[in-house]
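Hi,

Here is the model I promised to pass along. Have a look at it first, and my notes follow below.

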Amino acid sequence: MARTLAPVVAVERSANEARAARRDRLAGAAFTLPALIWILIFFAAPLVLMAYFSFTPLSPTGGRGAIGLGNYRAFFAESAYVEALWNSVVTTAIVVVLSLLLAYPFAFAIATKVPRSWQRLALAVAILPFWTSYVVRSYAWLLALSPSGVINWTLHALGVTHHPLMLAYNPGATILGFVHFFIMLNTLTIYANLVQINPRYVLAARDLGAGAWRSFLTITLPLSIPGVMVGAFLTVVLCIGDYVTPQILGGFRELLLPQVIMMQIQRQLDLPMASTMSLLMTIVVAIVYLAMQRWLRMARL
Amino acid sequence: MTSPCRTDTKAARGALLALIAGVAWMVVSTPAFARNTLDVLTWCDHEDPALLGPFEKANDVKVNFKDIDSTAAALAVLGQSKPGDWDVLVADETDTGRLAGLGLLAPLDAKDFPFGDIPAAIASPKLTSVNGVLYSVPEKFGYNTIAYNKTTFDAAAAADINSPWDPKYKGRVAVYDYYVPEIEYTAIALGMNPEKLTDADLPAIKAKLIALKQNAAMVGDVTTVQQALATGAVDVLFGGGEWVTAGLAHDNPNLNYTIPKQGGVRWQQGLSVFATSQKKDLATKFIQYILSPEGQGKLATSSCYWGMPANSKAVLTDDQKTILRWSDQPTYIKTTFPYLQMTPDFDKKLQAMWAEVLQSK
């Protein structure tokens, strides 16, 4: 009897397992679907539309022209536009390097030197400027850098300068505004990574005779690279497409690509050319992502 | 004692009511829903309650306005709206032909408006009409010329259009970032006729603008350059005019503007009715009100920016007329050129050239 029932039980069990697996798959799909629909409607569809627009340049009379690469040819033929893309890439690279150089020691000090009970407070103080609006922060820098601002006032009071310096409305002011913002972001990502590193690794290295620098360079630093890279990538994404900071602090001394994109829309409503430029910027971000992909481990944060 | 369950139900009911009220408010506030409104796409100078109040009261209507800062911005709003959502447009009159060509504007009857009180150069059909059909009524104008600080910039220097290029003022000049008047103004400095620019003129204009940029401390938008002049960061604003200095006349009497002896550029804005408007009579009444002496006085001295009223019978005090340089206007109009009327293709070329100037080291 038992011998005859065994295959039936096995078949039933396998059917139950299949049903459970199907239920799991359906539940997984149901949970994923809202996010997927959201991404399709608000990211994928606009991206496809933008790509389509970029291939339909305006005709000389301002109407819709024939589908083709006209906008891309026009972009690369205009030195000022290519230069704007280059300026954006260079500015972003400088901001990434400076932000990381300043944020790393800061995050390291909070993670390893500040007592654990004080770390939360130290981190809250470190990211305090996040609480103010991005625009307000940029205007605050503009006031600080103005001819009657605190920096010029101090330089004058110390006898360093006799006339107010024009510190704002140049690429340096843009970089300053960016770095101020991205130090906070990078401090967060690096700190989150540093506190996950098992302190026993460093202790073991020290036991084996490695000095403080060697254990940092061979253990802590390599293990914190994912946090550094995530911070660097977020900085690239947010910095290269930002319009507010260069507009407020940089003026029009040297144009970045987002400013040129806005020129296309504000002055002529040339959405196809604006789409072309935006798509080129997206391609740059994608290239950066591919180059950094090896080190990007969000799960480590 | 209230049970937690009942408290939850009350809270949920309250939240639902708040949600319904919020959605209702959003629906009611849309232009299409409101019946007793006049929907206007306008620049910031038409938004003062003192200007709109008398019209709203007299016609028992609410003027619902949306702020725009360029014709392109207006077109972007129209692209997101249904036909009939908007009734009146305030626009730079250099774009009248372009907007009429797109079929957006309704023909107007000149007899409905006080054209007899508007100076001939301002009322010119070149800016208001297409093929003899009136589409825009001029309401306000002013200049893109030289604005300066009297204490640091010599009045005699201001009378010469070339002074912003003088190395003596290196680092003391601000340049207004709107390529159309700046290119025209530079063309005047080069002795060209700014109304007849062609591709062949552009290299010389570009070289001259790059030289100007090298002498300038900054290039900026309206707010930036106005702030720079007002705070003393710069002494002279290339492309500035009464729209920068007049509103600040009492707080900062040292600010001034002038038209150099070589001439200047004249901006001019007008009112149009949308072809799809369902309230054309009310829209016409609104334009008539803005063109009335009272409406013109208030528009000219708007809290956003001052400018010359198109109607010479505008109600203004003597002090306001002095600030606006009222008695100089006949000469100023004669020595200034209106904004260029361009094909979209030429406009693109000018914009690309302006980007090259801004990128120059």
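A quick word on terms before anything else: a helix here is a DSSP run of H or I with at least four residues, numbered from the N terminus. Please also keep in mind that this is a predicted model.

With that in hand, a good place to start is A:I261, which sits in helix α11 of chain A. Is A:I261 buried or exposed? It has 23 C-beta neighbours inside 10 Å, so A:I261 counts as buried. If you skip the neighbours within four places in sequence, A:I261 is in contact with A:A274, A:M277 and A:S278. For A:S278, the C-alpha atom is 7.3 Å from that of A:I261, although the two residues are 17 apart along the chain.

Those three partners of A:I261 turn up again in α12(A), where the buried residues include A:A274, A:M277 and A:S278. The others buried in α12(A) are A:L271, A:P272, A:M273, A:S275 and A:T276. I also checked the length of this helix: α12 of chain A covers residues 271-292, and 22 residues at 1.5 Å each should span 32 Å. The end C-alpha atoms are 31 Å apart, which agrees.

Now for chain A as a whole. Chain A has twelve helices and zero strands, so to speak a plain α-after-α pattern along the sequence. A compact globule of 301 residues would have a radius of gyration near 19 Å, but chain A comes out at 27 Å. The C-alpha trace of chain A spans about 105 × 70 × 35 Å along its principal axes. Buried residues make up 31% of chain A. Among the contacts in chain A with a separation of 6 or more, 73% are between residues 24 or more positions apart.Next, the place where the chains meet. The contact takes 27 residues from chain A and 25 residues from chain B. On the chain A side, α3 and α11 each supply at least two residues. Which helix gives the most to the side of chain A that touches chain B? That is α11(A), with six residues, the helix that also holds A:I261. By class, this side of chain A has 14 nonpolar, eight polar and five charged residues.

From chain B, have a look at helix α16, residues 344-359. Its 16 residues at 1.5 Å each should span 22 Å, and the end C-alpha atoms of α16(B) are 23 Å apart, which agrees. Buried residues in α16(B) include B:W354, B:V357 and B:L358, along with B:K348 and B:Q351. What do the buried residues of α16(B) pack against? From chain A they meet α3 (79-113) and α11 (257-268), and from chain B they meet α8 (179-189), α9 (202-215) and β8 (216-220).

On to the domains. The domain assignment splits chain B into domain 1 (37-140 + 268-326) and domain 2 (142-266 + 340-359). The centres of these two domains of chain B, taken over C-alpha atoms, are 26 Å apart. Nine residues from domain 1 and nine residues from domain 2 make up the contact. The side of domain 1 that touches domain 2 has five nonpolar, four polar and no charged residues.

The largest nonpolar core has 149 residues, and B:A174, B:V234 and B:L237 touch the most other members. Helix α7 (residues 171-194) of chain A gives the largest share of this core, eleven residues. Domain 1 and domain 2 of chain B both give residues to the core, so it lies between them. To see some of the packing, pick B:L237: not counting residues up to four places away in sequence, B:L237 touches B:A147, B:Y148, B:A174, B:Y176, B:V225, B:L229 and B:V244.

Last, two backbone oddities in chain B. Most residues other than glycine have a negative phi. B:N131 has a positive phi, near 50 degrees, and lies in the loop between β4 (129-130) and β5 (133-134) of chain B. With 7 C-beta neighbours inside 10 Å, B:N131 counts as exposed. The phi of B:R325 is positive as well, near 60 degrees. B:R325 is in the loop between α14 (318-323) and α15 (329-334) of chain B, and with 18 C-beta neighbours inside 10 Å it counts as partly exposed.

Cheers

Methods: Residues numbered from 1 in each chain as written. Chains lettered and ligands numbered in written order. Predicted model: local features only at pLDDT ≥ 70, side-chain atom pairs only at ≥ 80, totals over all residues. Expected span 1.5 Å × (residues − 1). Buried ≥ 20, exposed ≤ 12 C-beta atoms within 10 Å, placed from the backbone. Contact = placed C-beta atoms within 7 Å. Domains from an automatic or database assignment. Nonpolar A, V, L, I, M, F, W, Y, C, P; charged D, E, K, R; others polar. Core = buried A, V, L, I, M, F, W, Y, C linked by C-beta atoms within 7 Å. Rg over C-alpha atoms; globule rule 2.2 N^0.38 Å.
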